[in-house]
Amino acid sequence: MPPAPGQEEPVKRITKIVNSLLANEDCAPFREPVDWRGLELFDYPQVIETMMDLGTIKRRLERGHYSTAHQVAEDIRLVWRNCMTYNADGSDFWLLAKSYARRFEDRYRKIRQEYDVGETLDGGDAGGASGGGHPSKASRSGRSSGSGHASSSPSAPGASAPPPALDARARFGSNLFLLGGTELGHVLAACELECPEALETCGNDRYKIEINVDAIPTDVFATLNTYVGQKVGSGGVGAASPGSGEAGGSGSGGRNRKKQRK
């Protein structure tokens, strides 16, 4: 089914967003359907009525399944919504989905401003694939997954703590280099939600960001520092691969990891 009249360019533009999302390293959990049987998430089909993932969306686009950009957007939103519904609030995957939802809406808003995306057209429901937005074994009830998820949100409202010492920030910045893609994605997602001012673009490349450790509020820093320390200290994080990050960043915390964001 080709796009509806006037939807060719909006669908083309949102297809680029889908491809860009799939290319992101930390978007791996959302690329394919959830293997809920293999992960022994036997309540997943009961919690998630309509499964969806980015790989399914891409294949649907290639087959001409969507008639409007709005239908594509609704399926993309379903990916994030499913993940945030199944996983415990504040867990790694919940934060990652929340971050991607915000970034997607920022980019999709530009398409909506330029084109009619077909929200008023009769196109039918584009949902219903067998995809998923990978969950961990941390459900809405907060079950422990054993997969390294944080058990609380990045900040602790109302908590007061003294400003971290200079060497603590420096150690935090150095430890960022030891994180793998998923763990670094957790830190970036937490910063985007709690202190976006701490994320800075690198020069003219808006797809690369760096963390200004000095700009992270004390309470958020305390939680992230504990998380990073646990990951590095437990040996649960492998060293970053040569292509997963570069030296960059600013602030007294040292030269922190630079993360490509598309």
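The following exchange takes up the labels used for this predicted model and the values behind them.

Reader: What makes up the protein chain in terms of helices and strands?
Author: There are 8 helices and 4 strands. From the N terminus on, the order is α-α-α-α-α-α-α-β-β-α-β-β. Buried residues make up 49% of the 262 residues.

Reader: Why is the contact between R13 and E114 called a salt bridge?
Author: The closest N and O atoms of R13 and E114 are 3.2 Å apart. The cut-off is a side-chain nitrogen of Lys or Arg within 4 Å of a carboxyl oxygen of Asp or Glu, so the pair counts. By this rule the count comes to 9 salt bridges.

Reader: Which parts of the chain does the pair of R13 and E114 link?
Author: R13 sits in helix α1 (residues 8-23) and E114 in helix α5 (residues 92-114), 101 residues apart.

Reader: Why is R13 called partly exposed?
Author: R13 has a relative accessible area of 21%. Buried means under 20% and exposed means over 50%, so a value in between is called partly exposed.

Reader: How do you know that E32 and R59 form a salt bridge?
Author: The N to O distance between the side chains of E32 and R59 is 3.8 Å. The rule asks for within 4 Å, so this pair is a salt bridge too.

Reader: What makes the pair of E32 and R59 a tie between parts of the chain?
Author: E32 lies in the loop between α1 and α2 (44-47), while R59 belongs to helix α3 (residues 54-62), so the salt bridge ties together parts that are 27 residues apart in sequence. E32 is partly exposed because its relative accessibility is 41%. R59 is partly exposed as well, because its relative accessibility is 33%.

Reader: Why does the pair of E105 and R77 count as a salt bridge?
Author: The side chains of E105 and R77 meet at 2.7 Å, N to O. That satisfies the limit of within 4 Å, so the name applies. E105 is in helix α5 and R77 in helix α4 (residues 69-86), 28 residues apart.

Reader: What makes R77 buried and E105 partly exposed?
Author: R77 has a relative accessible area of 17%. E105 has a relative accessibility of 23%. The bound for buried is under 20%, so R77 is buried and E105 is partly exposed.

Reader: Which residues are joined with R77 into one network?
Author: Salt bridges that share partners join E74, R77 and E105.

Reader: How do you know that D75 is buried?
Author: D75 is found in helix α4. The relative accessible area of D75 is 2%, so this residue is buried under the 20% bound. The C-alpha atoms of D75 and L54 are separated by 8.5 Å, with their positions 21 residues apart along the chain.

Reader: Which residues have the most contacts inside the largest nonpolar core?
Author: They are I14, F30, L54, I57, I76 and W80, in a core of 35 residues. The elements that give two or more residues to this core are α1, α3, α4, α5 and α7. The most comes from α5, with 10 residues.

Reader: Why is E183 called buried?
Author: E183 lies in helix α7. Its relative accessibility is 15%, so E183 falls under the 20% bound and is buried. E183 and Y227 are 44 residues apart in sequence and 9.1 Å apart in space, C-alpha to C-alpha.

Reader: How many cavities of 30 Å³ or more are there?
Author: The count comes to 2 cavities. The second largest cavity has a volume of about 30 Å³.

Reader: What lines the second largest cavity?
Author: The lining consists of D92, F93, L96, T182, G185 and H186. The elements that give two or more residues to this lining are α5 and α7 (181-194). By class, the lining has 2 nonpolar, 3 polar and 1 charged residues. At least three lining residues come from each of domain 1 (10-114) and domain 2 (178-233).

Reader: What makes the phi of E40 worth a remark?
Author: Phi of E40 is near 60 degrees, a positive value in a residue other than glycine. Most residues other than glycine have a negative phi. E40 is placed in the loop between α1 and α2.

Reader: Why is E40 called exposed?
Author: The relative accessibility of E40 is 52%. Exposed means over 50%, so E40 is exposed.

Notes
Residues are numbered from 1 along each chain as its sequence is written. This is a predicted model: local features need pLDDT of at least 70, side-chain atom pairs count only at pLDDT 80 or more; totals for chains, interfaces and linings use all residues. Side-chain values use heavy atoms; hydrogens and water are left out. Buried means under 20% relative accessible area, exposed over 50%, partly exposed in between (1.4 Å probe, protein chains only). On a 1 Å grid over the protein atoms alone, a cavity is a set of points where a 1.4 Å probe fits but cannot get out, and a pocket is an open set with protein on both sides within 12 Å along at least five of seven lines; lining residues have an atom within 4 Å of a point. Grid points are joined across faces, edges and corners, and a volume is the space filled by probe spheres set on the points. Ala, Val, Leu, Ile, Met, Phe, Trp, Tyr, Cys and Pro count as nonpolar, Asp, Glu, Lys and Arg as charged, and the others, Gly among them, as polar. Domain bounds come from an automatic or database domain assignment. A nonpolar core is a set of buried Ala, Val, Leu, Ile, Met, Phe, Trp, Tyr and Cys residues joined through side-chain atoms within 4.5 Å.
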